[in-house]
Amino acid sequence: MKEREVAIVCATASEYRLVRDALPPSAERTLRGRTVAVSSSGPSFAVVHAMPAKAHCAAATQLMVDTFSPRLILAAGAAGSLDDAAPLGSLVCSEGCYEVDILPLEEFSRHAGELTSRTAAAPGPASRRRVL
């Protein structure tokens with residue numbers, strides 16, 4: 001298949017539909033059991049409905065890499081229901097995340113420091129507003 005500049009991975013069907021419908025027209029198809037919208041003109045993108053869970057999202061990401069060789073991969077979604085400081089449609093770039101679904105919730109506070117993932121982010125413009 002033709003390479004795409006951007007691949008967007010969406011865990012839920014509602015996230016997939018919202019992202020697909022916000023982008024220019026695309027052709028929808030099924031690739032290895034997953035629904036994928038591929039741009040038919042304009043910006044070069046592919047959006048995949050991964051299905052919830054990290055393993056599904058990882059597999060869908062690999063499908064995008066193998067099929068489209070994107071230069072950029074985005075994970076789109078609700079991000080755990082962010083607070084009202086980030087209005088609907090906001091772009092949120094995390095500096096860290098927690099793997100909360102690998103142990104019972106009552107044990108999380110004892111192991112929170114062990115379950116953190118951090119990445120370095122490029123500095124943004126001086127006007128960047130930190131919401132959370």
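Which residue in S4 is the bridge partner of Ala 37? In S4, that partner is Val 47. The exercises below extend this starting point.

The model is predicted, so that local features need pLDDT of at least 70 and side-chain atom pairs count only at pLDDT 80 or more, while totals for chains, interfaces and linings use all residues. Residues are numbered from 1 along each chain as its sequence is written, and side-chain values use heavy atoms, with hydrogens and water left out.

**Exercise 1. Describe the overall content of the protein chain.**

Step 1. The protein chain holds three helices and seven strands; helices (H or I, at least four residues) and strands (E, at least two) are DSSP runs, numbered from the N terminus.

Step 2. Read from the N terminus, the order of elements is β-α-β-β-β-α-β-β-α-β.

Step 3. Of the 132 residues, 25% count as buried. Buried means under 20% relative accessible area, exposed over 50%, and partly exposed in between (1.4 Å probe, protein chains only).

Step 4. The exposed area is about 9100 Å², of which carbon and sulfur atoms supply 57%. Accessible areas come from the Shrake-Rupley method with a 1.4 Å probe, and for residues only the protein chains shown count as cover.

**Exercise 2. Place S4 in its sheet.**

Step 1. The strand order is S2-S3-S4-S1-S5, in an open sheet of five strands with mixed pairing. Two strands pair if DSSP finds at least two bridges between them.

Step 2. S2 and strand S5 (72–76) stand at the edges with a single partner strand each, so one side of each is left without a neighbour in the sheet.

Step 3. On average, neighbouring strands of this sheet are turned by 20 degrees against each other, direction ignored. Axes are lines fitted to C-alpha atoms, for helices over the stretch in contact, and angles run from 0 to 180 degrees between N-to-C directions.

Step 4. Helix H1 (residues 13–22) packs on the sheet and touches S1, S2, S3, S4 and S5; its direction makes about 160 degrees with that of S4. H2 also packs on the sheet, touching S1, S2, S3, S4 and S5, and its direction makes about 40 degrees with that of S3. Contact means heavy atoms within 4.5 Å.

Step 5. Strand S1 (residues 6–10) runs parallel to S4, joined by five bridges, and Val 6 stands opposite Phe 45 in S4.

Step 6. S3 pairs with S4 in the antiparallel sense over three bridges; Val 36 has Val 48 as its bridge partner in S4. The two strands form a hairpin with five residues between them, and Gly 42 in the turn has a positive phi of about 75 degrees.

**Exercise 3. Determine which way the side chains of S4 point, and where they pack.**

Step 1. In a regular strand the side chains alternate between the two faces of the sheet.

Step 2. Phe 45, Val 47 and His 49 point one way from S4, Ala 46 and Val 48 point the other way, and all are buried.

Step 3. The largest nonpolar core has 12 residues, among them Ala 46, Val 48, Val 36 and Met 64. A nonpolar core is a set of buried Ala, Val, Leu, Ile, Met, Phe, Trp, Tyr and Cys residues joined through side-chain atoms within 4.5 Å. H2 gives the most to this core, with four residues.

Step 4. A second, separate core of seven residues includes Ile 8, Tyr 16, Ala 37 and Val 47.

**Exercise 4. Characterise the surroundings of His 49.**

Step 1. His 49 is buried, with a relative accessible area of 18%.

Step 2. Its side chain reaches the backbone oxygen of Ala 11 at 3.4 Å and the backbone nitrogen of Ala 13 at 3.3 Å.

Step 3. Leaving aside neighbours within four places in sequence, the contacts of His 49 include Cys 10, Tyr 16, Arg 34 and Thr 35.

**Exercise 5. Examine the positive phi values of Arg 32 and Met 51.**

Step 1. Most residues other than glycine have a negative phi.

Step 2. Arg 32, although not a glycine, has a positive phi of about 50 degrees. Arg 32 lies in the loop between strand S2 (26–31) and strand S3 (34–39) and counts as exposed at 70% relative accessibility.

Step 3. Met 51 has a positive phi near 90 degrees. Met 51 lies in the loop between strand S4 (45–49) and helix H2 (54–68) and is partly exposed, with a relative accessible area of 32%.

Key:
A polar contact is a pair of N or O atoms within 3.5 Å; within protein, one must be able to donate a hydrogen and the other to accept it, and residues adjacent in sequence count only if both atoms are side-chain atoms.
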